[in-house]
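Student: I would like a close look at one part of this structure. Please take me through a single chain and how it is built.

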Amino acid sequence: MTQALLAARDLSKNFGPNAVLRGLEFEVHEGACVALCGENGAGKSTLIKVLSGLLAPSSGHVEYLGEKRDWSGPRESLDAGIAVVHQEFSTIGALSIAENILLGAEPLTRLGLIDRKALNARAKALLDSLDIALPPKKLVDSLSVAEKQMVEIAKALRSDARVLILDEPTAVLSQNETTHLFRLIGELKARGMGLIYVSHRLDEIFQVCTDITVIKDGVVTANGPVSSFTHDSVVSAMVGRELGDMFPPKGTNSANGEHVLEVRDLVVAPGVPPATFHVDAGEILGLAGLVGSGRTELARAIYGADPGPGTVLLMGEPLVRRSPAGSIEAGLMMLTESRKDDGLFLESSVARNFTATTPGLGAHHANIPPGFEERRALAMKDRFGVVVDHVGLPISALSGGNQQKVLIARLLENRPKLVILDEPTRGVDVGAKAEIYRILRQLAHDGVAILVISSELIEVVGLCDRVYVMRHGELARELTGAEITEEAIIAVAAAETARTTGGLHHG
Amino acid sequence: MVDIIRATRAGPVHLVVLALIMLVFAVGVYTSDRFATPLNLAGVQDQMVALALVALAQTIVILSGGIDLSFAGALSTLCVVFAMIAGDDPQTLVMGVAAVLALGASIGLVNGAITVYLGIHPFIVTLGTSTILSGTALLLTRQPTGSVPVFFEDFLYERLGPMPYGMIFVLSLYLLVGAMLWKTRFGTRIYAVGDNEAAAEISGVPVRQTKIAVYVLSGLLAAVAAVYMTGRFGVGDPRAGVGFDLRSITPVIVGGTLLAGGRGGVLGTFLAVVLLALLGNVLNFVNVPSAYQWIVEGLIIIAAVSFFARRAR
């Protein structure tokens with residue numbers, strides 16, 4: 001067996017009393033691309049930070065090129081040849097591509113001034129060697145997200161890196177851009193680099209990686225070449241259960257026929273046929289379709305965020321005040337797709353976030369009784385299984401899944417009749433997903449009508465009682481019961497269109 | 001060509017400011033025979049020097065993502081200290097210059113260190129130092145005091161052709177700082193830190209040192225401004241700096257540098273200083289009371305910012 005480029009040996013890392021990594025073993029070999037899988041909080045990012053010197057191990061050690069190494073910081077590991085492309089890019093928009101790539105390592109003239117010619121030439125050479133066609137003098141501001149990532153990768157590879165770590169590289173990329181990235185990864189593998197690839201997307205892992213290492217609770221639960229895994233076996237190693245178990249059984253009492261929401265001739269956008277449909281008490285209705293097919297726009301129109309002509313009836317009564325405030329008052333709540341921008345008060349406590357929209361409290365109330373928020377939040381925490389040590393902690397300290405649970409719990413404080421959820425499990429790990437599905441099913445069981453927008457087909461198929469597939473802003477087809485399959489949804493969503501299925505990722 | 005545009009960070013903004021300068025100049029020529037005379041134009045330039053120097057300092061600080069409000073107090077104290085030391089002969093003058101440069105750098109060091117190591121917003125830190133230094137100046141003297149050597153005062157009133165020496169000095173400093181921003185690692189780091197501090201940190205930019213250096217540079221430039229101002233007055237005025245805190249920001253903003261940091265440059269600031277000085281002069285010629293001049297300046301600030309805001313969208 002050849003020697004590993006980079007390895008973790010019996011590695012442990014504790015944060016106070018919490019053991020995040022526990023005697024973990026990990027290896028990357030020359031020419032390999034190892035997928036690092038695990039739920040949020042399993043210890044993936046901690047492992048990467050220890051490997052690249054951002055954190056020091058509590059016990060055990062990092063081995064690089066067969067030698068035990070004790071990094072003083074990310075500088076040292078980078079100089080040694082370990083490059084990391086972080087999830088949040090570190091490109092600087094105000095600087096040019098060349099300035100970004102060589103930031104801090106600019107070639108200097110004898111006078112100690114920046115040698116611009118050499119700067120651009122070196123950046124160009126590096127970009128060419130990676131087959132990236134970008135002009136080095138261009139400002140990074142004017143680049144697309146994918147191009148910025150290419151710059152980021154070029155920057156990571158400016159010194160002769162032997163190991164490249166990519167943390168969720170495709171989270172922001174379209175299908176075409178992902179293809180380009182994969183070509184690049186193939187090229188780097190062929191050159192004999194070792195890659196570590198962190199991703200939630202199983203399809204991609206099977207497409208691009210040579211090996212898979214699954215970690216759970218700080219230990220490796222499965223490890224081997226890609227060929228020895230299936231989708232299901234990866235997921236079960238991550239969560240200890242099969243994919244099918246994630247969804248609670250669907251509703252049996254196919255509603256009592258009561259229309260909670262009725263939409264009549266609602267015009268969402270000019271040139272698009274008006275929408276007419278209904279959501280019944282106790283059912284989970286799915287809106288499926290490609291990204292850009294008009295699902296979010298329809299939801300916002302119903303919610304009154306972008307009201308258009310047409311009638312929206314809630315419990316048989318037309319909504320008069322077509323605005324978010326009017327909708328909330330009537331009992332129609334919406335969870336937006338970007339929880340950080342539109343949902344959370346990131347610096348405030350979990351408790352404050354939870355009670356922020358509680359009627360008669362929060363913004364409307366000058367004096368919140370002492371301890372009130374905490375008591376309510378504690379009750380919420382237990383009921384929804386939010387994992388947090390103390391509800392006084394800022395909500396930014398929680399994982400994405402737990403943040404989402406707090407937001408859903410907050411919606412329910414207002415006793416809604418209808419809940420619209422836009423991508424309720426985006427950026428949420430598998431374990432929290434299952435819990436969110438359980439919560440939603442419980443809600444439906446209690447008689448709330450639920451409208452879910454989702455780009456994850458497996459979620460639509462596993463969760464929804466009834467599905468509308470949207471295409472070009474139109475409700476193209478209704479699917480019920482056994483008709484709801486991934487194939488049927490794709491067939492309708494992608495019909496009469498040559499566009500790639502960019503928004504459809506299998507769970 | 002592309003490089004020159006990038007190096008000067010020139011953009012449509014500068015054309016707008018340039019057009020306004022020409023417009024104001026034309027109005028000046030139209031309204032008065034005395035406007036376009038060498039004497040009047042030299043006077044306009046003399047008016048610019050002090051503001052140009054502190055605005056240059058402010059530009060660097062704002063580019064790095066910070067702000068320096070300490071000029072009001074700093075200039076007052078620096079002027080008084082300089083006049084108290086500069087005395088009547090070359091020797092004391094040199095001592096005075098050295099003393100205020102050291103004092104200016106120290107003020108910057110304190111501003112930078114508190115901002116960086118205590119993590120307090122520079123707005124608050126520099127407001128605090130400014131207030132302390134305003135008090136210090138008044139403790140040192142209630143009335144304008146001290147002196148500068150007569151030859152130094154005379155020197156500052158002389159000019160080379162149509163251009164006062166002070167203005168030549170300002171031009172060279174702007175060129176020097178412009179070159180620093182474009183041609184040194186320090187310059188690149190200022191933009192990197194101002195644009196995205198977290199990204200700069202990950203990329204290995206010494207963020208803290210860069211920020212502290214920026215405030216030290218700002219303090220040094222304030223000291224230079226104080227030497228000039230005191231030289232022109234002939235005495236050290238304990239209220240010399242009043243108003244310079246906010247006035248130093250105006251040309252930076254009007255010149256297209258973003259208050260958020262990372263975007264802009266010294267060319268815009270220079271053009272804006274010229275515009276504001278000419279505007280004040282022309283408004284004087286058409287007998288507009290100074291009250292209205294304030295109002296016009298305020299309108300220009302808001303117009304400039306709205307212009308950039310719309311462009312950014």
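Tutor: Start with the contacts inside chain B. Among those with a separation of 6 or more, 80% join residues 24 or more positions apart. Keep in mind that this is a predicted model.

Next, the secondary structure. Chain B holds 15 helices and two strands. The radius of gyration of chain B is 19 Å, and the globule rule gives 20 Å for 313 residues, so chain B is as compact as a globular protein of that length. Along the principal axes, the C-alpha trace of chain B spans about 55 × 45 × 35 Å. Of the 313 residues in chain B, 48% are buried.

Now the partner. Chain B uses 18 residues to contact 16 residues of chain A. On the chain A side, the touching residues split into six nonpolar, five polar and five charged.

Two residues of chain A also deserve a look for their backbone angles. A:Asp265 has a phi near 50 degrees, a positive value in a residue other than glycine. A:Asp265 sits in strand 11 of chain A, residues 259-266. A:Asp265 has 12 C-beta neighbours inside 10 Å, so it counts as exposed; the cut-off for exposed is 12 or fewer.

A:His472 also has a positive phi, near 50 degrees, and is a residue other than glycine. A:His472 lies in a loop of chain A, between strand 19 (466-471) and strand 20 (474-480). Because A:His472 has 15 C-beta neighbours inside 10 Å, it counts as partly exposed.

Methods: Residues are numbered from 1 along each chain as its sequence is written. Chains are lettered from A and ligands numbered from 1 in the order in which they are written. This is a predicted model: local features need pLDDT of at least 70, side-chain atom pairs count only at pLDDT 80 or more; totals for chains, interfaces and linings use all residues. Two residues are in contact if their C-beta atoms, placed from the backbone, lie within 7 Å. Ala, Val, Leu, Ile, Met, Phe, Trp, Tyr, Cys and Pro count as nonpolar, Asp, Glu, Lys and Arg as charged, and the others, Gly among them, as polar. Helices (H or I, at least four residues) and strands (E, at least two) are DSSP runs, numbered from the N terminus. The radius of gyration is taken over C-alpha atoms; the globule rule is 2.2 Å times the number of residues to the power 0.38. A residue is buried if 20 or more other C-beta atoms lie within 10 Å of its own, exposed if 12 or fewer, and partly exposed in between; C-beta atoms are placed from the backbone.
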